[in-house]
Amino acid sequence: MPVKIVIAGGFGVGKTTAVERISEIPLLTTEAAMTEVAAAIDRTGEVPEKTTTTVALDFGCITIDEDIRLYLFGTPGQDRFGFMWRDLTEGALGALVIVDTRRLDDCYPAVDYFERAGLPFVVAVNLFDGRLEHDLDDVRWALAVAPEVPVITFDARQRASVRDALIAVLQRAIEQSVAGPTTHPASS
Amino acid sequence: VSLVHRPDDPTGEPSPVRPEIAAQLGRHLSATRVLVGGLVTLGLPTVRRAHQRLQHNLEIVERVIRGLQAIA
């Protein structure tokens, strides 16, 4: 039985790295060199070392047991690829929204979408260089997510850290299933 | 760097479009749908639709959690 979790977020936040790090199969990815037009739109100046971007999706999988395989879909972070999100999130157990606090607004479209869809999600701040630039309470305030939405830190380069972030998504899915969907952001 | 508050969602749900295969083949979208449907019938691509209610199946979700916890 296939089940899936979606991994979303803005440009260059670590989605491809996270899927690659925990997948048991070689990552199926669609990284492509960025054009000058895309570089301007995606504000690559914030991450100058990144010269490629995902143009369709990243796909990985994990065998859970003899019956269940977990599929991981990394979505293109840019909101111009938002038309794909409905297909990718259909039937998903939940979503992991990866954020880079240097470019927090890049994840707004993903947060907006999952809130509207009522899909359980967790916000995961990727610790670039092992540093947390902003307090998690400040990130929560800036994203205006509901109090019950977990905001955590993780390191996309660490397999155990990605695993724990996915577990957080599933625990949130259980909580939301018991309590009912949250479709509106918190006011603050 | 200071943080700013996320603005209210300004957009509606994005509409799904699936013309990529048709564009690659240079064929009309309807013809592409027939072609893809024929390939599925022949069993060439395997098509699996996601279960809509799985996220409410706590037993399945808990099994996935246990499976992930077993990853070193």
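# Exercises on a Predicted Two-Chain Model

A:Arg163 is located in helix H6 of chain A. The model studied in these exercises is predicted.

## Exercise 1. The surroundings of A:Arg163

Decide whether A:Arg163 counts as buried or exposed, and state which residues it touches outside its own stretch of sequence.

*Solution.*
Step 1. The relative accessibility of A:Arg163 is 15%. A residue is called buried under 20%.
Step 2. A:Arg163 therefore counts as buried.
Step 3. When residues up to four places away in sequence are not counted, A:Arg163 touches A:Ile22, B:Leu68, B:Ile71 and B:Ala72. This list holds residues of chain A and of chain B.

## Exercise 2. Two helices within chain A

Describe how helix H1 (residues 15-22) of chain A and H6(A) are arranged relative to each other, and what kinds of residues meet.

*Solution.*
Step 1. Two packed helices are described by the angle between their axes and the distance between the axes.
Step 2. H1(A) and H6(A) pack at an angle of about 100°, and their axes are 9 Å apart.
Step 3. Angles of 65 to 115 degrees count as roughly perpendicular. H1(A) and H6(A) are therefore roughly perpendicular to each other.
Step 4. On the side of H1(A), the residues that take part are A:Ala18, A:Arg21 and A:Ile22. They meet A:Arg159, A:Val162, A:Arg163 and A:Leu166 in H6(A).
Step 5. Sorted by class, the contact of H1(A) with H6(A) has 4 nonpolar, no polar and 3 charged residues.

## Exercise 3. A helix pair between the chains

Characterise the packing of helix H6 (residues 159-179) of chain A with helix H3 (residues 58-69) of chain B.

*Solution.*
Step 1. The axes of H6(A) and H3(B) come within 10 Å and cross at roughly 165°.
Step 2. Since angles over 145 degrees count as roughly antiparallel, H6(A) is therefore roughly antiparallel to H3(B).
Step 3. The crossing of the two helices H6(A) and H3(B) is left-handed.
Step 4. H6(A) contributes A:Arg163, A:Leu166, A:Ile167, A:Leu170, A:Gln171, A:Ile174, A:Ser177 and A:Val178. H3(B) contributes B:Leu58, B:Val61, B:Glu62, B:Val64, B:Ile65, B:Leu68 and B:Gln69.
Step 5. The residues of the contact of H6(A) with H3(B) fall into 10 nonpolar, 3 polar and 2 charged.
Step 6. An α-helix has 3.6 residues a turn, so residues three or four places apart point the same way. The numbers of the residues in Step 4 may be read with this in mind, for example A:Arg163, A:Ile167 and A:Leu170.

## Exercise 4. An enclosed helix

Establish how many residues of helix H4 (residues 108-117) of chain A are buried, and name the elements that they pack against.

*Solution.*
Step 1. The buried residues of H4(A) are A:Tyr108, A:Pro109, A:Ala110, A:Val111, A:Asp112, A:Tyr113, A:Phe114 and A:Glu115.
Step 2. With 8 of its 10 residues buried, H4(A) is therefore largely enclosed by the rest of the structure.
Step 3. The buried residues of H4(A) pack against strand E1 (2-9), helix H3 (85-89), strand E6 (94-99), E7 and helix H5 (136-143) of chain A.
Step 4. After H4(A) comes A:Gly118, with a positive phi near 70°.

## Exercise 5. A strand residue and a loop residue

Locate A:Asn126 and A:Ala144, and classify each as buried or exposed.

*Solution.*
Step 1. A:Asn126 is part of strand E7 (residues 121-126) of chain A. Its relative accessibility is 7%, so A:Asn126 counts as buried.
Step 2. Apart from neighbours within four places in sequence, A:Asn126 is in contact with A:Val13, A:Gly14, A:Ile98, A:Val99, A:Phe154, A:Asp155 and A:Ala156. In one of these cases, the side chain of A:Asn126 reaches the backbone nitrogen of A:Ala156 at 3.1 Å.
Step 3. A:Ala144 lies in the loop between H5 and strand E8 (151-154) of chain A. A relative accessibility of 6% means that A:Ala144 counts as buried.
Step 4. Although A:Ala144 is not a glycine, its phi is positive, about 55°.

## Exercise 6. The two chains side by side

Set out the helices, strands and buried share of chain A and chain B.

*Solution.*
Step 1. Chain A has 6 helices and 8 strands, in the order β-α-β-α-β-β-β-α-β-α-β-α-β-α. Chain B has 3 helices and 0 strands, and its pattern is α-α-α.
Step 2. In chain A, 57% of the 188 residues count as buried. In chain B, buried residues make up 19% of the 72 residues.
Step 3. One residue of chain B serves as an example: B:Val36, in helix H2 (residues 29-41), has 30% relative accessibility and therefore counts as partly exposed.

Methods: Residues numbered from 1 in each chain as written. Chains lettered and ligands numbered in written order. Predicted model: local features only at pLDDT ≥ 70, side-chain atom pairs only at ≥ 80, totals over all residues. Heavy atoms only, no water. Axes fitted to C-alpha atoms, helices over the stretch in contact; angles between N-to-C directions. Helix = DSSP H or I, 4+ residues; strand = E, 2+ residues; numbered from the N terminus. Parallel < 35°, antiparallel > 145°, perpendicular 65-115°, else oblique. Left-handed = near helix turned anticlockwise from the far one by under 90°. Contact = heavy atoms within 4.5 Å. Nonpolar A, V, L, I, M, F, W, Y, C, P; charged D, E, K, R; others polar. Buried < 20%, exposed > 50% of the residue type's maximum accessible area, 1.4 Å probe, protein only. Polar contact = N/O pair within 3.5 Å; in protein donor to acceptor, adjacent residues only side chain to side chain.
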